[in-house]
Amino acid sequence: MTPPYSKLTRIYSHLMKLINYRDWAKYITNVYESLDIKDGLILELAAGQGNVSKYLLAKFPGLILTDISHYMLKECPDSALLRICCDMTKLPFKKKFSFVFSTFDSINYLTEIDKLKDFFNTISDFIVPSGYFIFDVGLERNSIKYQRLLNRSGKYQGIRYFQKSEYNKIEKIHYNYFKLIFENGELFEEIHKQRIYDMEEYSAVLKDSKFKIHSCYNAFTFDRANDKTERAQFILQRTE
């Protein structure tokens, strides 16, 4: 079985070219500065190619990046970024962190509620008491709004690509199908699945964790999330 992103990484930057990583990093910084954090280690989960963290390195020089795909990590634009290839549900660290973050709905890739519970229990063990874990999630309004916009095709560096986006409201799974055709005729296909949980599901899972919900915003703002929110930004604080 071909590892995820082993081929897709070749066109990933092209697919994501409209994302303003600088602004995303600024938002992460603003959230960090709004919290009562007394220094400490900082960790990014599911960092991909490090496109957010490259703008954070100057402020957080000890920042550690992790991702399950070493193919993605190899594409980091800044060699000064400390990168570790690992599954975010099975972290290898002996250290604990004061601030952990994840971006671009990576949590939605945990497609079973039990896996989501296990993840929160695991990550809490790597955060100091009163430390923070922040992440954004895609909600159903987001999937419905953008699923057709992600149906696209094109050519980049000699690679023809096709993407089909589809949200199944019954399964509550957002599918992204990728097909790549290389110059030598090689065909590659990959399917990405994300579970679109309700806000109530996150709240219920977190009640049984070592976290409390410090805040939950409309992503990229400090406005409280509501029933019209498309992407929510969770700010969790580790309990004592």
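## The S7–S8 pair and its sheet

Asn168 sits opposite Ile173 of strand S8 in this predicted model. That pair belongs to a longer run: strand S7, residues 159-168, and strand S8, residues 173-181, are joined by 9 bridges in the antiparallel sense.

Zoom out a bit and you get an open sheet of 4 strands, ordered S6-S7-S8-S9, with antiparallel pairing. Strand S6 (152-156) and strand S9 (187-195) take the edges; each has a single partner strand, so one side of each is left without a neighbour in the sheet. Going from one strand to the next, the twist averages 15 degrees.

## The seven-stranded sheet

There's also an open sheet of 7 strands, and here the pairing is mixed. Read across, the order goes S3-S2-S1-S4-S5-S11-S10. At its edges are strand S3 (82-85) and strand S10 (211-218), each pairing on one side only. Ignoring direction, neighbouring strands in this sheet are turned by 20 degrees against each other on average.

At the S10 end, the partner is strand S11 (residues 231-238), with 7 bridges linking the two in the antiparallel sense. If you want a spot to look at in that pair, try Cys216, which stands opposite Phe234 in S11.

Helix H4, covering residues 113-124, lies across several strands of this sheet: strand S1 (42-45), strand S4 (97-102), strand S5 (127-138), S10 and S11. Relative to S5, H4 runs at about 145 degrees.

## Two domains

How does the chain split up? The domain assignment gives domain 1 as 8-138 + 197-238, while domain 2 takes 141-195. Domain 1 therefore comes in two stretches of the chain, going by that assignment from an automatic or database source.

Taken over C-alpha atoms, the centres of domain 1 and domain 2 are 23 Å apart. Where the two touch, 22 residues come from domain 1 and 21 residues from domain 2.

## The second largest pocket

Now for a pocket: the second largest one holds about 210 Å³ of space. Which residues line the second largest pocket? They are Leu139, Glu140, Arg141, Ile196, Tyr197, Asp198, Met199, Glu200, Asn226, Asp227 and Thr229.

Two helices each supply at least two residues of that lining, namely helix H5 (140-146) and helix H6 (199-207). As for chemistry, the lining of the second largest pocket breaks down into 4 nonpolar, 2 polar and 5 charged residues.

Conventions:
Residues numbered from 1 in each chain as written. Predicted model: local features only at pLDDT ≥ 70, side-chain atom pairs only at ≥ 80, totals over all residues. Heavy atoms only, no water. Pairing = 2+ DSSP bridges. Axes fitted to C-alpha atoms, helices over the stretch in contact; angles between N-to-C directions. 1 Å grid on protein atoms, 1.4 Å probe; cavity = no way out; pocket = protein on both sides within 12 Å on 5 of 7 lines; lining within 4 Å. Points joined across faces, edges and corners; volume = space filled by probe spheres on them. Nonpolar A, V, L, I, M, F, W, Y, C, P; charged D, E, K, R; others polar. Contact = heavy atoms within 4.5 Å.
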